[in-house]
Amino acid sequence: MEDQASSGGYKLFDELELQEFQDKFVIKSAKSPTQGFSIDRRDGNIELDISDTSSVSPSKVSTVYGIAGTIRLLAGIYVVVITSRKEVGSYLGFPVFRVMSMKFLSCNEALKVSTSQEKRDEAYFMTLLKTVESTPGLYYSYETDITLNLQRRLKLAEGWANKPNWKQADPRFVWNKNLLEELIEHKLDEFIIPILQGSFHSERLNLKGSPALITLISRRCTRRLGTRMWRRGANLEGDTANFIETEQLLECEGFRSSFLQIRGSIPLLWKQIVDLSYKPRLEIINHEETPKVVERHFLDLQQRYGDTVAVDLTDKHGDEGQLSLAFAAEMQKLPNVRYISFDFHQCCGNSNFDNIQLLYDQISEDFNKHG
């Protein structure tokens, strides 16, 4: 079971040669040069046969470390490649890398014959894509999938580790999920890297005289994305904004322990009207679907994580207090989720973090029950 959980099984190409020709880009494995594909610079079409490039020399050759995927805009396709990376530690014994820089290869010769308005639109979309290049906290591994927590791995069927990495991945945490469709369609499994957005940190330490490795990995869900103030609450499916799964992994003397904690926006239908004030006003949206939204959210959590305790940390005054009251009212309708309201601001303000014991006293029994 342990071997199954940590098995890499399937290794991706970790160093690629990018050849630039007048009419196409050719991307192939540096170690297995017969493995690769070409992308037409006029229309972005992918071809798996790269044997006809030997008679012509490329205008430029460079090394890239992976393909994040492809984006189709008005006038063609852009290929996103990883141009630099940094090894930041390991997950279950396999190296983990952080994306340090990315680049767009444009395959849109059609732009030459498009209208001036189309060119302006394309230029505008390109400025948006530039923000993708600088997305913070992108991580991946060539030898194992880091979007899947250890607890989930242990429940998966025999043989899953021999599947391509993108098939192993938890789609909720694959940042580039929508960019991989063309590569998946062409069955380029060895080139498909599921990328995680979040944070990753590991430290070696001594635990009662034994060497141990502790890893903290946070996975940001892609289902209701948006910056913090602009995206709040849940959608009708029950997916919440800023949903993050954090896994604390402890490895010591051959044993592994995985502790999961999840957080997200309060799963009601609500929004925040962003202005220049320090605390923008909240607005709760009265909707007949609200009870269903809360139910869908917690049903999804229970199916994925098991027994759930919901800890409400909101301020109990003002707009936040209204939100907390509405949340508490909905939670009373759910018989199988324990709800605890803890005024973190009141109890632990001015750095009185010792008072967190008051919360722990209420949930310690649940902690023990959850193992």
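**Close-up 1. Phe191 and its ring partner Phe37.** In this predicted model, Phe191 counts as buried because its relative accessibility is 4%, and Phe37, at 1% relative accessibility, counts as buried as well. Rings of this kind are taken as a pair when their centres lie within 6.5 Å, and by this rule the count for the model comes to ten aromatic pairs. The ring centres of Phe37 and Phe191 are 5.2 Å apart and their planes stand at 85°, so this pair is edge-to-face. The two residues come from distant parts of the chain, 154 residues apart, with Phe37 in strand E3 (residues 36–40) and Phe191 in the loop between helix H5 (181–185) and strand E10 (196–207). Ring pairs also bring in Phe13, so that Phe13, Phe37 and Phe191 are linked into a cluster.

**Close-up 2. The ring pair of Tyr140 and Tyr142.** A pair of aromatic rings is described by two values, the distance of the centres and the angle of the planes. For Tyr140 and Tyr142 the centres are 5.1 Å apart and the planes are at 85°, so the pair is edge-to-face. Tyr140 has a relative accessibility of 0% and therefore counts as buried, while Tyr142, with a value of 3%, also counts as buried.

**Close-up 3. The surroundings of Arg219.** Arg219 is placed in strand E11, which covers residues 210–220, and with a relative accessible area of 0% this arginine is buried. Its side chain reaches the backbone oxygen of Ile146 at 2.9 Å. When residues up to four places away in sequence are not counted, the residues that Arg219 touches include Ile146, Thr147, Leu148 and Asn149, together with Phe243, Ile244, Glu245 and Glu247. Tyr91, Phe173, Leu196 and Gln197 are also among the residues touched by Arg219.

**Close-up 4. Phe97 with Arg85 and Glu87.** Arg85 lies over the face of Phe97, at a distance of 4.8 Å from the ring centre. Phe97 is also in contact with Glu87, which, leaving aside neighbours within four places in sequence, touches Pro95 and Val96 as well. Glu87 belongs to strand E7, made up of residues 76–91. For a wider view of the chain, the C-alpha atom of Glu87 can be set against that of Asp366, which is 279 residues away along the chain and separated from Glu87 by 37 Å.

Terms used: Residues numbered from 1 in each chain as written. Predicted model: local features only at pLDDT ≥ 70, side-chain atom pairs only at ≥ 80, totals over all residues. Heavy atoms only, no water. Phe/Tyr/Trp six-rings, centres within 6.5 Å; stacked < 30°, edge-to-face > 60°. Helix = DSSP H or I, 4+ residues; strand = E, 2+ residues; numbered from the N terminus. Buried < 20%, exposed > 50% of the residue type's maximum accessible area, 1.4 Å probe, protein only. Lys NZ or Arg CZ within 6 Å of the ring centre and 35° of its normal. Polar contact = N/O pair within 3.5 Å; in protein donor to acceptor, adjacent residues only side chain to side chain. Contact = heavy atoms within 4.5 Å.
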